[in-house]
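Let's go through this structure by asking what stands behind each label. Here it is.

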Amino acid sequence: MLNIVLFGPPGAGKGTQAVRIKDHYSLVHLSTGDIFRHNIKNSTELGVMAKSYMDKGELVPDEVTIKMLESEVLKHPNSSGFIFDGFPRTTTQAQTLDDFLHSKNISITKMIALDVPDEELIARLLLRGKDSGRPDDQNREVIANRIKVYEAQTSILADYYRLQNKLVCVDGIGSVDEITDRLYVAIDN
Ligand code: AMP
């Protein structure tokens, strides 16, 4: 089984690359941001709650996010692996994910971190906001807060996986195809 955490700040290209990796390795793609947006679109209770955090660029509380992610994993008992995109984002999420996977006799194979400088992230997010329809991509303050939250709560997870010898860093600057090729090399080696 191949279980990848695709890691990096908002705008690093995780969503775009995760879809390619999912197809290439026949994995199940779990994007917590996409699942929240799906719930917002369908006006579910979870969606209404998540929106109040997402609109400000804050993290949705761990308890609900973890419960949602675990139920998604359980929907795919026969999968050949998962690509986690946008999860984990806190140390509690990472530890709970490890415990949950171990209880199923599986584990994270690698965390692949996309490196992209802040100025590039902001430019990419504003560009994406023009046609993604995502409100959190259209407001500079919300973008700045998402990057701040990433630095304060999420970036530390690189150390969490480094300590397990699972961290691989990949340069996230270049064409989409170039970055995909680098990711395949990182996963295959
Ligand atoms: P993303 O699509 O990954 O950029 O996520 C969009 C927003 O969804 C984030 O800014 C958070 O508000 C929320 N979100 C996504 N994944 C998580 C997570 N693992 N933990 C908490 N909040 C999350």
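Q: What makes the oxygen atom of the ligand and the side chain of Arg134 a polar contact?
A: This is a predicted model, in which local features need pLDDT of at least 70, side-chain atom pairs count only at pLDDT 80 or more, and totals for chains, interfaces and linings use all residues. Residues are numbered from 1 along each chain as its sequence is written, and side-chain values use heavy atoms, with hydrogens and water left out. An oxygen atom of the ligand sits 3.1 Å from an N or O atom in the side chain of Arg134. A polar contact is a pair of N or O atoms within 3.5 Å (within protein, one must be able to donate a hydrogen and the other to accept it, and residues adjacent in sequence count only if both atoms are side-chain atoms), so this pair makes the cut.

Q: Which residues have polar atoms by a nitrogen atom of the ligand, and at what distance?
A: Thr32 puts a polar side-chain atom 2.8 Å from a ligand nitrogen. For Val60 a polar backbone atom is involved, at 3.0 Å from a nitrogen of the ligand.

Q: How much of the ligand does the protein cover?
A: On its own the ligand has 480 Å² of accessible area, and the protein covers 95% of that. Such areas come from the Shrake-Rupley method with a 1.4 Å probe; for residues, only the protein chains shown count as cover.

Q: Which residues are closest among those that surround the ligand?
A: There are 16 residues around the ligand, and the closest are Thr32, Arg37, Glu58, Gly86 and Arg89. To count as near, a residue needs one of its heavy atoms within 4 Å of the molecule or strand in question.

Q: Why is Leu30 called buried?
A: Its relative accessibility is 4%. Buried means under 20% relative accessible area, exposed over 50%, and partly exposed in between (1.4 Å probe, protein chains only), so Leu30 lands in the buried class. Leu30 belongs to strand S2.

Q: What touches Leu30 beyond its neighbours within four places in sequence?
A: Leu30 is in contact with Leu69, Glu72, Val73, Phe82, Ile83, Phe84 and Asp85. Contact here means heavy atoms within 4.5 Å.

Q: Which way do the residues of S2 point?
A: Val28 and Leu30 go one way, His29 and Ser31 the other, and all are buried. In a regular strand the side chains alternate between the two faces of the sheet.

Q: What makes S2 and S3 a pair?
A: Four bridges join these two strands, which run parallel. Two strands pair if DSSP finds at least two bridges between them, so S2 and S3 qualify. Val28 stands opposite Phe82 in S3. The strands themselves are DSSP runs (E, at least two residues), as are helices (H or I, at least four), numbered from the N terminus.

Q: Why is S4 described as largely enclosed by the rest of the structure?
A: Five of its six residues are buried, so the description fits. S4 pairs with S1 in the parallel sense over four bridges, and five bridges join S4 to S5, also parallel. Met111 is the bridge partner of Val5, and Leu167 in S5 is the bridge partner of Met111.

Q: Which residues touch the most other members of the largest nonpolar core?
A: Of its 24 residues, those are Phe7, Phe84, Leu97 and Tyr161. Among the elements that each supply at least two residues are strand S1 (2-7), helix H4 (62-74) and helix H8 (157-162). A nonpolar core is a set of buried Ala, Val, Leu, Ile, Met, Phe, Trp, Tyr and Cys residues joined through side-chain atoms within 4.5 Å.

Q: Is Asn165 buried or exposed?
A: Asn165 counts as exposed, because its relative accessibility is 74%. Asn165 lies in the loop between H8 and strand S5 (167-171) and has a positive phi of about 60° although it is not a glycine.

Q: Why does Ser79 count as buried?
A: Ser79 has 17% relative accessibility, so it falls in the buried class. Ser79 is in the loop between H4 and S3, and its side chain reaches the backbone nitrogen of Gly81 at 3.2 Å.
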